[in-house]
Each structure stands twice: as structure tokens, then as C-alpha cells.
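Got the viewer open? Let's walk through this one stop at a time, selecting as we go.

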Amino acid sequence: WKIWTNMSSDDKPTPVRVCASFHVRKPALPDFCEAAGRIAMQAGLDEQCHAFHVQREIGWTRQISTQAQSLFMLLQEWDSPEALEQHVRSPEALRFDRDLKEGEMLACAPMLSLFGPDLSVADLKTMAAEARASGSEIEEPRATAPEAEALPKSSPGKGYSRSPAMSEYRTGTKAMKARSNSRAGAWK
């Protein structure tokens with residue numbers, strides 16, 4: 001799998017930020033916390049990892065967490081797409097993925113998003129102007145046809161790393177529908 005990012009002005013890959021959400025079943029909470037602790041400790045030792053934070057949703061009026069499940073976020077920052085790929089294929093990340101699935105820890109499939117560098121106020125103004133000029137559509141970087149064909153196809157039933165390809169995560173309406181349809185049972 002390959003992560004598509006913009007290159008910086010000096011042709012170096014930009015850092016990759018990962019935001020992964022996990023709806024952890026309450027009975028699996030101790031096992032999830034231990035597994036998340038192991039992967040956070042391993043990532044913290046990696047020189048290419050600038051940040052690896054595990055956060056739990058706090059109670060508020062519109063919280064997602066319920067009596068049956070708790071929402072956790074893993075927020076990460078890696079030097080480059082290659083550094084993230086190396087992490088995802090590491091024995092520790094594969095173990096985390098296996099533990100999530102075999103322990104039936106999740107109420108639904110995890111959701112994963114990748115982000116680039118922070119946008120400045122000037123960046124936002126430029127994007128707004130470009131969107132207005134093009135009919136409110138912001139151009140997104142896309143793989144060329146040969147590159148897109150090389151990406152792995154989706155397969156059901158995977159966990160955190162969707163080994164071997166993290167790019168197989170479901171997103172959008174299908175993921176939301178899957179999440180709402182599977183709240184009662186464990187996601188495998």
C-alpha cells in the first residue's frame with residue numbers, strides 16, 4: 001500500500017498525521033488499554049514518530065461513548081509516509097491488530113484518517129479563493145490511473161492496520177452505516 005501526500009517545496013515528504021477512532025466494548029476495556037499501551041510504548045521508541053497519543057472521550061452532552069462502549073482516539077505524527085508504513089507493518093502493530101480482532105474488543109470497525117501539515121490562515125484563504133473560483137470544489141490530490149490500479153482492493157474483517165494494507169479502511173456513509181448496524185455485537 002502507499003500513502004499519497006504532497007511533497008514540500010524541497011521535495012521531501014511532508015509529515016503524516018493519523019487520527020484513528022476505536023469504539024471499545026466495555027468488557028474489553030482492560031485488554032484494549034493494555035494493547036494500546038504496548039503500541040504507544042513501541043511507537044514512542046521510534047525516532048520517526050513525533051507523537052503518539054491515546055485519548056478517551058470525556059463525558060459531554062453529545063458524547064458517542066455509551067454504557068456499552070467507550071470512544072478512544074489514537075493521534076499520531078510520523079516523519080513520512082514510509083515511516084508510517086514501516087510502523088503499520090511492525091510486529092507490534094500487527095499484534096495490536098490481531099489483539100483487537102481476536103479479543104473482539106471493538107463494537108464496530110475503526111475509522112482512520114490521514115492528514116498533512118497544519119493549514120495556516122493564508123492557506124485557508126487561498127483554498128477558499130480557489131474553491132470559489134472553481135465553483136466551490138477544492139482539488140484533492142489523487143493517484144494517477146496506473147497508481148490507483150496498484151492500490152490493494154478492500155477486504156472485510158480487518159482491524160487497526162488492515163494488514164497488510166491500511167488503505168483498505170472503509171470510510172464515509174458505508175462506515176457510518178456499518179457502525180450503527182453493529183453497535184450490539186463485536187466487530188471482527
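Which strand is F115 found in? Select F115 and you land in strand β4, residues 111–115. Keep in mind throughout that you are looking at a predicted model.

**Stop 1: around F115**

Show the side chain of F115: with a relative accessible area of 48%, F115 is partly exposed. That follows because partly exposed covers the range between 20% and 50%. Now bring up what F115 is in contact with, leaving aside neighbours within four places in sequence: P15, V16, R17 and C19. Then add E77 and draw a distance between the two C-alpha atoms; F115 and E77 are separated by 9.1 Å, although they sit 38 residues apart along the chain.

**Stop 2: zoom out**

Switch to cartoon and colour by secondary structure. The protein chain has six helices and four strands. Trace them from the N terminus and you should read β-α-β-β-α-α-β-α-α-α. Of the 188 residues, 35% count as buried. Turn on the surface if you like: the accessible surface of the protein chain comes to about 11,400 Å², and 54% of that belongs to carbon and sulfur atoms. As for how the chain folds back on itself, take the contacts between residues at least 6 apart in sequence: 76% of them join residues at least 24 apart.

**Stop 3: the aromatic rings**

Hide the surface and show the Phe, Tyr and Trp side chains. How many aromatic pairs are there? The count comes to four. Start with F22 and F32: their ring centres are 5.8 Å apart and their planes meet at 50°, so this pair is tilted. F22 lies in strand β1 (residues 16–25) and F32 in helix α1 (residues 29–45), so the pair ties together parts that are ten residues apart in sequence. Are these two buried or exposed? F22 is buried, with a relative accessible area of 0%, and F32 also counts as buried at 0%.

Stay on F32 and add F72. Here the ring centres are 4.9 Å apart with the planes at 50°, so this pair is tilted too. It links distant parts of the chain, since F32 is in helix α1 and F72 in strand β3 (residues 69–78), 40 residues apart. Both F32 and F72 are buried. Add F96 to the selection, and you have the cluster that ring pairs make of F22, F32, F72 and F96.

**Stop 4: the nonpolar core**

Which residues touch the most other members of the largest nonpolar core? Out of its 26 residues, pick F22, F32, W78 and F96. The elements giving two or more residues to this core are β1, α1, β2 (49–56), β3, α2 (81–88) and α3 (91–102). Helix α1 gives the most, with six residues.

Centre on W78 next. Not counting residues up to four places away in sequence, W78 touches P15, V16, V18, A43, D46, Q48, C49, H50, F52, A83, L84 and H87. You met P15 and V16 at the first stop, where F115 is in contact with them.

**Stop 5: Q42**

Finish on helix α1, where Q42 lies. Q42 has a relative accessible area of 16% and is buried, because buried means under 20%. Show what Q42 touches beyond four places in sequence: H87, S90 and E92. H87 was also on the list for W78, which makes H87 a handy residue to leave selected.

Technical notes: Residues are numbered from 1 along each chain as its sequence is written. This is a predicted model: local features need pLDDT of at least 70, side-chain atom pairs count only at pLDDT 80 or more; totals for chains, interfaces and linings use all residues. Side-chain values use heavy atoms; hydrogens and water are left out. Buried means under 20% relative accessible area, exposed over 50%, partly exposed in between (1.4 Å probe, protein chains only). Contact means heavy atoms within 4.5 Å. Accessible areas come from the Shrake-Rupley method with a 1.4 Å probe; for residues, only the protein chains shown count as cover. Rings of Phe, Tyr and Trp (its six-membered ring) pair if their centres lie within 6.5 Å; planes under 30 degrees apart count as stacked, over 60 as edge-to-face and the rest as tilted. A nonpolar core is a set of buried Ala, Val, Leu, Ile, Met, Phe, Trp, Tyr and Cys residues joined through side-chain atoms within 4.5 Å.
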